[in-house]
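Hi,

Here is the structure I said I would pass on. Have a look through it first, and then read my notes below.

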Amino acid sequence: MGRAAPIRVAIVGTGLAGLTAAYLLQNDEQRRYAVTLLEQAESLSFDSASVAIRDERSGDTERVDLPMRALAGGYYTNVMRLYDHLGIPYHPIRFLFSFAKAQPTRQTDATAAKTQGNPEGAGGAPGEYFVHASNLHQIPPWPGSRGVVAHLIEILYLIVCQFWFTLACFLVHPSTNGSDEGETLDEYLRRIWLPRRYVTHYLLPLISSVSTCSHDELLAFPASDIVNYKKLSHGQQHYTVCGGVHQVEGRLAREMEDVRLGACVAEVAPTTEGRVRIRWQSTRNGVEPLQEDVFDRVVLAVSPDIAGKIFNPLRKTLEPIPTIRVESSVLRPAHSTSSYSLTPVEDESRHPKACSHHRGTAIPPQVICLRTDFAAEQVRTEALHTMPGGTVVSTCPLDPQANAKRVLRTARFTRTLRTTESRAVIRKIMGESRVSVKKTDLATESTSWVNGQDNVWLTGAWCWDGMVLLEGCLISAMRIADDFGVKVPWRPGPARTHSSDFHPEFWEGLIWGLVGSSLAICFIVTLIGFGFLRQRNVYDNDHWKLNIKVPFTTMWMNMGYWTDTNGQRIQDFQQACRALLYEVLAEAGVLKNEELAHKLAILDLGIGCGDQSLELAQLIHQGSWDEYRYVGLTLNPSQFHLASKQPFQEFQLPRGRARTIQVFQADAARPGTWDEDVRSAVTSLANEHPEDQARWVLALDCMYHFFPDRKLVFNLAAQELDASFMAFDLLLSDTASTQQKLLVKIIGLAMGCPVGAFITEVEYKQQLSEAGYHGTHISFKDITDHVFSGLVSHIKRQDEALRPFGISVGKFKVAAKLFSWFARSKALKATIVVARNKPKRL
């Protein structure tokens, strides 16, 4: 019996949603689908607006994605998994957001000019009133438009407002009452009493630049969109693709055999035989007659206005979904001279082969000036993104003519807006709605069509319950794969969406208590700061700064193990930090070589300034190991700089052999972001036969900070490296009350930890088992009594010792309060975790 003819599928539109759906169907394991792509433009549309800009002076070429394609970690989970699957390199990127008022004279983007040579030089642009560093990677630069005291007060005001908004997003769920399925963002912000100045001058300019719409249009969005975006991206880094997203487009479309460019689809209509007829017109050779083709199934990967235009059953249904046209331009630097020659590159072979965001070993932060016209009838924010090469990407320009002479390339694209009414329509189409669509003048039959009916499907950034961003493209394309019975290779488990699984009650007393306390603290701190700035005594002890000797002998940083071998309390911080490392190594049996192997390999995640790396090298050097291989990772650039200066050369293998100790700057929590050098060094640890080598992954007091969770590290250790795992970590106590669990969650968020950072021993063991470790080879040792109380005592002693010199331990005072509560309540357990990849030898 011959093989059945493939099912013919037409996909109209080649944005990320269309290309992803095509890729999934084309790579179906059973080869059931023959896919045809139809695109109205003369090139695939996902990267069609992007441009490569060549600096004729230096010869460097920079790829500029239009629109901007930065990813917020935590929210773009499936996009990043797709990139990992395709082997697309991406890296963290930091931003300086410059908030400014539009000037009446329409002055050009001074921020771009100021930061062309130094991207960290934000501050002082015309109308600038604040500069915010993403993830607080640096102290906010003084904008120069107000006094120092006023600036300090503004910082304190923003701290309170940001804390208020963050707490509300996690504790106050947007209302879903009513037939239109939810409250607007404006209604939600008023319900939580968020200060209006913070909303108008900070929140709306920032979020509207992401959504590319006016402030009024953003306020009409469903509140759930912004709340979920905040919750999922809170504390996460931003990422960007190395070299531009043209790589994504190329790899998704690489195996596509039937791609029809210049194909303008006029109509999509079901036939009486259960198939779908497409009438389309080729525009490649002028106006040509309409052509017809019949397919088994059709996927519309287009905006809702186009979908309603070409597919009649959706014409009335999609009318409530608003769309706008958005303009984005690449501009020359504001004060560039005639010799500053920048040229768009049309030849694809001349596109940059390397990432332009890198400068040597570091990735400098980039400035985005958010310039808002508050005097306009409809308030809008223009985003001016200064690229590493000096060009400026202007999105939603306030006055396009003002910068007309600077324009190198302009692109216009359709943006789908969100409203509570359109959310209800989309949820009903996608089969997610639990209530009827709001009864307006829409006919009942106009909303009866559901996705897949008539063998027609919808996909796109707007085809899900969330912000109209790239993640929606992936979610909707993966939904089509599910409907077609096609496996999604990058999905680790059952299909997931970004609907919230966090359902706490609105504890008014807790919120207002925290807010009131924060305001009181800010008022006191302001008074103290004002008094400090007005002090007249110049004869104090601050000349200690001239006497201190650097570099410091050690820069240890962990919670420490504060009991020595004789049961006495340790008083020295360095000794306690070493003791914690010894305890973990002893529990794992590494120091005594209980595995009786000749070679040892360790991947150390979160090495700080390298003190534990050096201590490990010294311990292993004194032990019985014939060979030692070590790779250490730290994310912080300044810590990496110090770690790379450690005297590891004393413990390297003899000349002619491979280096045994290597440290890198990398995000240990996200193996998918590692560059080739890091990946090669890590995988080299597993090159030896396991019978002759003991392999370990070490995580000393860092795992609870890992985004999005610990699972990626567990999978790396158990599956890729076939290594055992040892760690010092903080686990949620099984006996913690509901109030304690909530307080731990709030404390974790304040510490910059992900929402699910603190889990119980049972949940921890389950995650290790799912990664591949056998339950009988997993052990936990509670050392709470030897950790928190000792650290609290040391912080207090250190504060008293430094006070005469005018030095404060600062943030560690707050940490001492938290650790003291941990010690008393036992809500969190300080725990040593060991998971072996094979049974312990007796």
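What follows is a short tour of what turned up. Keep in mind that this is a predicted model.

Let's start with the sheet. Seven strands make up an open sheet with mixed pairing, in the order β8-β7-β17-β18-β19-β15-β20. At the edges you'll find β8 (128-133) and β20 (407-416); each has a single partner strand, so one side of each has no neighbour in the sheet. From one strand to the next, the twist averages 20 degrees.

Inside that sheet, have a look at β17 (366-373) and β18 (380-386), which pair in the antiparallel sense over six bridges. If you want a spot to zoom in on, Arg371 stands opposite Glu382 in β18.

Which strands does α6 lie across? They are β7 (95-101), β8, β17, β18 and β20. The helix runs at about 115 degrees to β7.

Next up is helix α8 (223-233). Ten of its eleven residues are buried, so the helix is largely enclosed by the rest of the structure. Buried here means under 20% relative accessible area. The buried ones include Ile226, Val227 and Tyr229, and also Asp225, Lys230 and Lys231. What do the buried residues of α8 pack against? Their partners are β5 (71-72) and a set of helices: α4 (148-171), α5 (185-191), α6 (196-211), α7 (215-219) and α11. So α6, the helix that lies across the strands listed above, is also one of the elements packed against α8. Right after α8 comes Gly235, with a positive phi near 75 degrees.

There are also a few backbone oddities in the loops. Two residues have a positive phi although neither is a glycine: Arg31, at about 55 degrees, and Asp454, at about 65 degrees. Arg31 sits in the loop between α1 (16-26) and β2 (33-39). Asp454 belongs to the loop that links α11 (420-429) and β21 (456-458). Is Asp454 buried, partly exposed or exposed? With 30% relative accessibility, Asp454 counts as partly exposed.

Last one: the peptide bond between Phe707 and Pro708 is cis, with omega at about -5 degrees. You'll find Pro708 in the loop between β25 (693-700) and α19 (711-720).

Happy browsing!

Definitions and conventions
Residues are numbered from 1 along each chain as its sequence is written. This is a predicted model: local features need pLDDT of at least 70, side-chain atom pairs count only at pLDDT 80 or more; totals for chains, interfaces and linings use all residues. Side-chain values use heavy atoms; hydrogens and water are left out. Helices (H or I, at least four residues) and strands (E, at least two) are DSSP runs, numbered from the N terminus. Buried means under 20% relative accessible area, exposed over 50%, partly exposed in between (1.4 Å probe, protein chains only). Contact means heavy atoms within 4.5 Å. Two strands pair if DSSP finds at least two bridges between them. Axes are lines fitted to C-alpha atoms, for helices over the stretch in contact, and angles run from 0 to 180 degrees between N-to-C directions.
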